[in-house]
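Here's a quick tour for anyone meeting this structure for the first time. Take a look at the sequence and the model, then read on for the main points by topic.

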Amino acid sequence: MIATLTRASPARDNNSGLLDYVSPTRLNTWVSCPLKFKLRYVDGIKEPTSPSLFLGKRVHAGLEFFYRQIQAGENVTSADVSQHISDSWDEAVTAEDMQFASFDDEAALKCQTIGLVGAYLDRHDSKEGFPIAVESPLECPLIEPHTGADLGTALFGFVDLILETPTGMTIVDFKTAARTSAPLEISHEVQLSCYAYAFRHVFGATEQELQIRSLIKTKTPKVETHRYPARGDAHFRRLFAVIRAYLDDLQSNRFVYRPGWTCSMCDYRETDCRQWQG
Ligand code: SF4
């Protein structure tokens, strides 16, 4: 089936809006395929929200509610979080213009969302630390650590959770996944390095560790925590090499396709990508 794509206002001709800041999400999209990045962010062709993406966003919203209640010193239960997910569901469906094939499909996705968050909360360790940032914006100038060169733009993104523990700060990113997988650090490297770079600038401290907490959509939901050490010089050198290449593409308005395994999940595959002539 060919997905319906929505054509919105394209970015200004010289991509100046996109040069205002670099975000981990945009950067990761560009890394996976520069043409996909162009279609989404430069040409403004919006892909429909898939059930999987919608579930991921609702899981994030449920966890955000949970940690904000803790931040506020409230006693929050799993039932409170389930209720919040139910109460905010219809509004989110409208906001995302989410289309379900049937009422049963929608009910099943809501049930799966509540089940996944419930599985996370069942395993939640109340001694994990205090949430000092929940779904918080982090912004800082991009200054290359090893050269001092100012790239003339900012890094801006939202971090899911920062926990303050007796031994240091932990940066946490939540993900939903279809299956369990080995903790391949390199597949998350750009995102983790972005968070660490911005965190250090905003908080004036070095993270103790970074974590990816994956909520797995198996029949019986599972939760996996992958831990990564604080970022080192090499991580930031590599990150800035990627950012420089990304900015070069934006400035030259040249975006080359990058066919690979992610094409199977790309909504542009049979339409705009096919029309691309290099
Ligand atoms: S189908 Fe593949 S090559 Fe084409 S835009 Fe999508 S990810 Fe890029």
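**Salt bridges and packing at a glance**

There are 13 salt bridges in this structure. Keep in mind that the model is a predicted one. Below, we go through some of those charged pairs, then two helix contacts, the ligand shell and a couple of single residues.

**Charged pairs**

- Let's begin with E144 and R244, whose side chains form a salt bridge at 2.8 Å, N to O. E144 sits in the loop between β4 (130–143) and β5 (150–165), while R244 belongs to helix α7 (residues 233–252), so this pair ties together parts that are 100 residues apart in sequence.
- How buried or exposed are the two partners? E144 is buried at 6% relative accessible area, whereas R244 is partly exposed at 37%.
- D173 and K175 also pair up through their side chains, with 2.9 Å from N to O. Here D173 is buried, at 3% relative accessibility, and K175 is partly exposed, at 24%.
- R200 and E207 make another salt bridge, at 2.8 Å from N to O. R200 is partly exposed with a relative accessible area of 23%, and E207 is buried with 2%.
- Some charged residues join up in a network: salt bridges link R269, E270 and R274.
- As general background, side chains of opposite charge can pair when their charged atoms come close.

**Helices α1 and α2**

- Helix α1 (residues 24–32) packs with helix α2 (residues 34–42) at an angle of about 135°, and their axes are 5 Å apart. That angle makes α1 and α2 oblique to each other.
- Which residues make the contact? From α1 come T25, R26, T29, W30 and S32, and from α2 come P34, K36, F37, R40 and Y41.
- Sorted by class, the residues of this α1 and α2 contact are four nonpolar, three polar and three charged.
- The buried residues of α1 are P24, R26, L27, T29 and W30. Their cover includes β2 (21–22), α2, β5, α6 (189–203) and α7.
- Over in α2, the buried residues are P34, L35, K36, F37, L39 and V42. These buried residues of α2 pack against α1, β3 (45–46), α7 and α8 (272–275).
- G44 follows α2 and has a positive phi, near 70°.

**Helices α6 and α7**

- The axes of α6 and α7 come within 10 Å of each other and cross at roughly 105°. With that crossing angle, α6 and α7 are roughly perpendicular to each other.
- On the α6 side, the residues that meet α7 are E189, V190, S193, C194, A196, Y197 and R200. On the α7 side, they are H235, F236, R238, L239 and F240.
- By class, this α6 and α7 contact has seven nonpolar, two polar and three charged residues.
- R200 turns up in this contact and also in the salt bridge with E207.

**Around the ligand**

- Which residues are around the ligand? They are C33, K36, Y257, R258, P259, C263, C266, R269 and C273.
- This shell splits into six nonpolar, no polar and three charged residues.
- Two names here may ring a bell: K36 is also one of the buried residues of α2, and R269 is part of the salt-bridge network with E270 and R274.

**Two residues up close**

- A196 is in helix α6 and is buried, with a relative accessible area of 0%.
- Leaving out residues up to four places away in sequence, A196 touches I171, E207, L210, R231 and F236. One of these, F236, is in the part of α7 that meets α6.
- The C-alpha atoms of A196 and E209 are 9.3 Å apart, with the two residues 13 residues apart along the chain.
- S214 is found in strand β7 (residues 209–216). Is S214 buried or exposed? It is buried, with a relative accessible area of 8%.
- Not counting residues up to four places away in sequence, S214 touches K175, K222, V223, E224 and H226. Among them is K175, the salt-bridge partner of D173.

Key. Residues numbered from 1 in each chain as written. Predicted model: local features only at pLDDT ≥ 70, side-chain atom pairs only at ≥ 80, totals over all residues. Heavy atoms only, no water. Salt bridge = Lys/Arg side-chain N within 4 Å of Asp/Glu carboxyl O. Helix = DSSP H or I, 4+ residues; strand = E, 2+ residues; numbered from the N terminus. Buried < 20%, exposed > 50% of the residue type's maximum accessible area, 1.4 Å probe, protein only. Axes fitted to C-alpha atoms, helices over the stretch in contact; angles between N-to-C directions. Parallel < 35°, antiparallel > 145°, perpendicular 65-115°, else oblique. Contact = heavy atoms within 4.5 Å. Nonpolar A, V, L, I, M, F, W, Y, C, P; charged D, E, K, R; others polar. Near = heavy atom within 4 Å.
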